[in-house]
Amino acid sequence: MSEAADERLARYIADLFAREDDALRAIRDAHGPADLPTIHVSPSEGAILHLLLRAIGARRVLEVGTLGGYSGVWMARALPADGRLITIDGSEKHAAVARTAFARAGVADRIELRVGDALDTMQTLAGPYDAVFLDADKEPLPRYLAEALRLLRVGGLLLCDNTHLDGRVADPSASDGDVRGMRAFNALVAADPRLVAAVIPVRDGLLAAVRTRP
Ligand SMILES: C[S@@+](CC[C@H](N)C(=O)[O-])C[C@H]1O[C@@H](n2cnc3c(N)ncnc32)[C@H](O)[C@@H]1O
């Protein structure tokens, strides 16, 4: 398929299955003016995260990497009224934008935003969680995985964005920290007998794994 046809197909799917309301659109639109990088998940990826959380009846979810709150709103809207999304970001600037987004989307009461280093903050948490979504820096991913497995219940979902790293993960000439972290993480997940995993080829690749045993 040509690039134009690819783009047309992606738009067709998103228009049907990843429809944004004004609050979600406003979050994406706010990234540029608020000087945030536009590295949030795509609408289709948001819809997949939402669907996966609904499918397992998630009530307690951890997100590592909040940015402006775009994926957080997709996920928080999948939770029941007494559900909880704990989301971590190291940037107070990003957190301030996310807080506004959560309030505008009507999910602030279900979200606990922790500002701090991802690993340090994860280490303060106690499980069980129904799902853990890893979407922060890539080099420490193996350490995030260890914490996620400490927190995740049997039947829970491990999710991780950017599996493809724009194709660099499979490029033998690429060996920077992000690539090394992602490759090590992918190998650990693939070999872990507690996890059944697959990569959903949406945007930059979304890894989804279910924990099948303690
Ligand atoms: C890709 S963005 C998250 C996008 C968000 N999940 C979304 O789709 O809307 C990554 C975020 O992780 C945060 N981050 C990166 N490394 C971190 C670390 N070591 N500790 C805490 N936050 C970190 C960055 O500040 C950034 O906001």
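What follows is a walk through this fold, starting from the sheet and moving out to the helices and loops.

First, some ground rules: this is a predicted model, in which local features need pLDDT of at least 70 and side-chain atom pairs count only at pLDDT 80 or more, while totals for chains, interfaces and linings use all residues. Residues are numbered from 1 along each chain as its sequence is written, and side-chain values use heavy atoms, with hydrogens and water left out.

Let's begin with the sheet. Helices (H or I, at least four residues) and strands (E, at least two) are DSSP runs numbered from the N terminus. Seven strands form an open sheet with mixed pairing, in the order S3-S2-S1-S4-S5-S7-S6. Strand S3 (111–115) and S6 sit at the edges, each pairing on one side only. From one strand to the next, the twist averages 15°. Two strands are said to pair if DSSP finds at least two bridges between them.

Now look at S1 (60–64). Of its 5 residues, 4 are buried, so S1 is largely enclosed by the rest of the structure. Buried here means under 20% relative accessible area, exposed means over 50%, and partly exposed is in between (1.4 Å probe, protein chains only). On one pairing, S1 runs parallel to S2 over 5 bridges, and the bridge partner of Glu63 in S2 is Thr87. The chain gets from S1 to S2 through helix H4 (residues 70–76), in a right-handed β-α-β crossover. Right-handed means that, with the strands pointing away from the viewer, the path from the first strand over the helix to the second runs clockwise. S1 also pairs in the parallel sense with S4, over 4 bridges, and there Glu63 stands opposite Phe133.

Carry on towards the S3 edge. S2 and S3 pair in the parallel sense over 5 bridges, with Val115 in S3 as the bridge partner of Asp89. S2, H5 and S3 make another unit to trace, a right-handed β-α-β one. Helix H5 (residues 92–104) lies across strand S2 (84–89) and S3, and runs at about 170° to S3. For angles like this, axes are lines fitted to C-alpha atoms, for helices over the stretch in contact, and the angles run from 0 to 180 degrees between N-to-C directions.

At the other edge, S6 and S7 pair in the antiparallel sense over 6 bridges, and Leu195 stands opposite Arg211 in S7. H7 reaches across a good deal of the sheet: it lies across S1, S4, S5, S6 and S7, at about 155° to S5.

Next comes helix H8. Its 15 residues (177–191) should span 21 Å at 1.5 Å a residue, and its end C-alpha atoms are 21 Å apart, which agrees. The expected span is 1.5 Å times one less than the number of residues. At the N-terminal end, Asp176 acts as a cap, with a side-chain oxygen 3.0 Å from the backbone nitrogen of Asp178. The buried residues of H8 are Gly177, Val179, Gly181, Met182, Phe185, Asn186 and Val189. Their cover includes strand S4 (129–134), helix H7 (141–151), strand S5 (152–161), strand S6 (195–200) and strand S7 (206–211).

The loop between S5 and H8 holds Thr163, which counts as buried because its relative accessibility is 6%. Contact means heavy atoms within 4.5 Å; leaving aside neighbours within four places in sequence, Thr163 is in contact with several residues, including Met182, Asn186, Val199 and Leu207. A polar atom of the Thr163 side chain also lies 3.4 Å from the backbone nitrogen of Leu207. That fits the polar-contact cut-off: a pair of N or O atoms within 3.5 Å, where within protein one must be able to donate a hydrogen and the other to accept it, and residues adjacent in sequence count only if both atoms are side-chain atoms.

A few backbone details round off the tour. Asn162, in the loop between S5 and H8, has a positive phi near 70° without being a glycine, and counts as buried at 13% relative accessibility. Arg203, in the loop between S6 and S7, has a positive phi of about 50° and is not a glycine either; at 40% relative accessibility, Arg203 counts as partly exposed. Finally, the peptide bond from Gly127 to Pro128 is cis, with omega near 0°, and Pro128 is found in the loop between helix H6 (118–124) and S4.
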